[in-house]
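Colleague: Please take a close look at the charged pairs in this model and at the place where the two chains meet, and walk me through them in one connected account.

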Amino acid sequence: MNQRKPPKWADRFLAWYCNPKLLEQIQGDVHELFYWRLEEKGPEKAGRAFVWDVIRLFKWSNIKRTKRKTQKINNIAMFKTYFKIGLRNLWKQRMPSTINIIGLSLAIGCCIVSFKWIEFNTVKDNFHKRADDIYLVTPVRTVDGYKNRYGKVRLDVGDKIASEVPGVDEVIRLRQSEVKIETNDNTFENLISFADPNFFEVFSFPEVHGDVGAFKDLSAVVISESFAETMFGTEYPIGKVLRITLDDEVLNFEVRGVFGKPRGNSSIRLELIVNFEVYRRGKDPQNNTANTFVLLNEQANQQTTQANMASIVEYQRASDERNPYEEIKLEPLITMASNSNDIYGGLGNTPPMAPIVVLTCIGVFMLILSISNYVNISTMMAMKRVKEIGVRKVIGGQRRQLIMQFMVENLILCVLAMVIGALLASAFFLPWFNKISGSVLTLDIEHHKNLWLFLGALLMFVTFASGAYPAFYISSFKPVVIFRGMQRSKSKRWLTSLLLTFQMTLAIITIVAGVMFVHTNKVNESRDWGYDQYSKLVVRLPEKVTYQTLTSELEKLPDVEGIAGSRGFIGLFFDRRKVVLEEQEDYVAIFPVTDNYAELMEVRLKEGQFFDKGINTQSKSILVNEAFMNRFGLSIDNLKPVTLDSTTYAVVGVVEDFHYSSFSDIIRPALFKLTAEDDITDVTVKVREGTALTMRETLKDIMEELEPEERAQVYVQDAVFDHHFEEMDGIRNIMLFTATLSILLSAMGLFGLVSINISSRIRDFGIKKVLGATARHLSNDVYRKFAVILAIAVLVGGALSVFIIEMLLDSAYGYHESIGVIPLSLAAIILLFIAFITINTQIRQVKKMNPAETLRVE
Amino acid sequence: MKGKGTYIGELEELVLLVVGVLNDEAYAVAVLKEIKDQTGREVNISAIHAVLNRLEDKGWLSSNMGGASQVRGGRRKRYYQLTSAGRQMLEQVRSLRERLYNQLPSPSLQFTT
């Protein structure tokens, strides 16, 4: 017989693709054919025919690995056993399972909170039944060379759209303003909405009492449920009369309907709705505008209707030459809020990006941490069950079934963690988060479709991300290897070590963040404000009270040490204006003040002088801060005239930098200029030390007397940043929470690994002990394994945190210390200390153990 | 004869017959060679496999593994046997053929008379 062999590559290819069950027969056949052809037709043709056969045999029926019909068995019943075995296993390995469940549920809790908040801030206005057909009309005009989109449309243009544009079913105008509302007992300043009477046919708000459409009657008003509660408490609101002041005219409106909270998140805030006619009557439609929505019918879409608006644009251009429309665009209701930054006078707010990123990061961090734990611990857990796997395989369990079994166990655990996580979120995390972020999120499991989708997706993700690796890895063992006891190859340990290192690195980063935020907040609380913020009160002047009147009242008080006036004041209210200095221009904070304001605030003079006392308020002198000098490259010997609002001013003095806005901002150029008494809106009063709080009440009383119509507004200067501090404390708390949680999670992971590591080597330890190993000897054995991992984590984590946390600090604070050795080593010490304690709790067991017990097993 | 599964195709019939003819020596390569010898048709081995599997699914053939040989590198063959259902099927096909054949008008008769 010829020694020629069939082409090797084709043979290998066949062996690779062919179902092993069929391979023997098929490969035998083609080989036999090959040798037969070899004799008949020679090697070349036989080879080619062989390749051809292999290619022809490459078809699904030969490739697929499933068995013949007769071998298919009913797998459904198996799930019951999987479930039972899964529960037993969870119970048998309580400690690692608990660690897994706690870790996962903490992470899931965090994810739910992040999801709720992000969803609340991004998904808006999609609950209306016809949300997809509602558009906001946004005309485009060119102003100062820029194309701007506007959210409001002239009233007559709105009428024209309703009557002329094809495809538009309804037009709804909406206009909102703050008005004074009175009942028999109460007076409120509140938001009122003027809307076209077909409003509720287009927007879906649930009707609670009465008839929400009743406001087509000009003397009717419909109100929201929450407003009804604040206004009338538990009384039935229908039929009550509200007195509303509109354009200095007091009108009576009867409450005829109450609408409830919508099923989703609305960017149109509605409290009182009055017919749009009430707003419109007596006004020139060409000079008044309103937010205008259109409802398109089924045949029309955004593009065609935008094109159909051409005639409307023509009409508007003909009637308004100064501000002609370029075109009219339609903004879908659903994206209206997220695009509101581009639409002047539109409705809704753009979702804030920074917190969204931070929250997503935290959720993902936690998930990664707990999933790493899970993968590590459950791989180690399963290593204890290799015998079970071996037996299952020997009696005919297929790999797929084993994987399935592990996945079912995994699923049980994840579902448990999910339930606990949701409970944690609704009972602890959400209320706590609400408190620090000032939001009102609740977990409404029943009616929240997105939440269900999210939870479902999360469950799938967690189950697969955490369970896939252990399941595939463990089920890949060959029974022979298992029973010979060779499965403890070290080759796969790198993954465990890698994940642990990664966890520890994340922990270091979050600890550094926590430490830095605590530290920076502390520093900021005692930071020099650049002026003396104590013993100063600021009174906002109502329209009818003049600076003169108030001053003469205040001068009578013995505790008042000084009075100054300003328009806006340091800390809360100020204006930014464009300043021109020769070639350069920039926006600068402007404080129009009386001549003594800067001195009264005890802003520190650096060079030059303060304003002269009694200086003419028309005089063109200004005081600037150091930042201003640096920005424009000025020095006291080289002063240049400053142009502001086309008036030229001369710098007379330079003051040291002071914090006029929150500590989140760096100090930017600012200037004081003189203001006429008539323009003063705020009066700063310096009082005797220690009397600020009592004087605040006195001032309030005086204001009530001078202007009984308005609520007196008196600020305490040293409290102007309180809101900012609260916010920063909130962020600090989130960072601390994250750090705590990540320490907890990685400590739990470490704990689980150490304990499994020890329990799988318990007999080693027993023998060592019998042979006289000291406790120290034994613990060194365990430490060595984890010391390298911790060392790497500290180094890598430290380096990374310098970059990441520095960025975070930059965005949160105007000024902060850079991350030095102290916070880094503090973080390292915290982590090492916790790791040490964690490992030690386990080592203690080894130390206490009686070697006889461990060796006696079996 | 009901259902699609009980119809028999041309190649199927041929393979079924050959398996019957080869008696105890019927495996894929032998079937292929036999068809080539008897009809001159060279059918690809993958087609033979497919047909054999199909016939087995339909219950006309049964199979078992055995008979490893050197030329196959020690691999066993899958031997096929005709089942009684298969034999019955062949009978049926044959009787149908014959019945139809007998109904053909004889051309020689027309010419001679």
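**Charged pairs and the contact between the chains**

Modeller: D729(A) has a relative accessible area of 22% and is partly exposed (buried is under 20%, exposed over 50%, partly exposed in between, with a 1.4 Å probe and protein chains only). This is a predicted model, in which local features need pLDDT of at least 70 and side-chain atom pairs pLDDT 80 or more, while totals for chains, interfaces and linings use all residues, and side-chain values use heavy atoms, without hydrogens and water. Residues are numbered from 1 along each chain as written, with chains lettered from A and ligands numbered from 1 in written order.

The partner of D729(A) is R732(A), and the closest N and O atoms of this salt bridge are 3.6 Å apart (a side-chain nitrogen of Lys or Arg within 4 Å of a carboxyl oxygen of Asp or Glu). R732(A) is likewise partly exposed, with a relative accessible area of 22%, and the two residues are three apart, about one turn, in helix 24 (residues 722-760) of chain A (helices are DSSP runs of H or I with at least four residues, strands runs of E with at least two, numbered from the N terminus).

Another such pair in chain A is R392(A) with E388(A), whose closest N and O atoms are 3.2 Å apart; both belong to helix 15 (residues 386-394), with four residues, about one turn of the helix, between their positions. E388(A) counts as partly exposed, its relative accessibility being 26%.

In chain B, a salt bridge joins E10(B) to R41(B), with 3.1 Å between the closest N and O atoms. This one links distant parts of the chain, since E10(B) belongs to helix 1 (residues 10-22) whereas R41(B), 31 residues away, sits in the loop between helix 2 and helix 3 of chain B. E10(B) is exposed at 52% relative accessibility, and R41(B) is partly exposed at 33%. Elsewhere, salt bridges with shared partners connect E40(A), K41(A), K36(B) and E42(B) into one network.

That network brings us to the place where the chains meet, where 22 residues of chain B are in contact with 22 residues of chain A (contact being heavy atoms within 4.5 Å). The area buried between them is about 2,100 Å², and carbon and sulfur atoms give 50% of that area (it is the accessible area, 1.4 Å probe, that two parts lose on being put together, summed over both). On the chain B side, the residues that lose the most area to chain A are H49(B), V71(B) and R75(B), which together account for 26% of what that side buries.

Five salt bridges are counted between chain B and chain A, out of 38 over all chains. One of the pairs between the chains is E40(A) with K36(B), where the closest N and O atoms are 4.0 Å apart. The elements of chain B that give two or more residues to the side touching chain A are helix 2 (28-39), helix 3 (45-58) and strand 2 (77-82), and helix 3 gives the most, with six residues.

As for the chain that carries this surface, chain B has five helices and two strands, which run α-α-α-β-β-α-α from the N terminus on. Of its 113 residues, 36% are buried.
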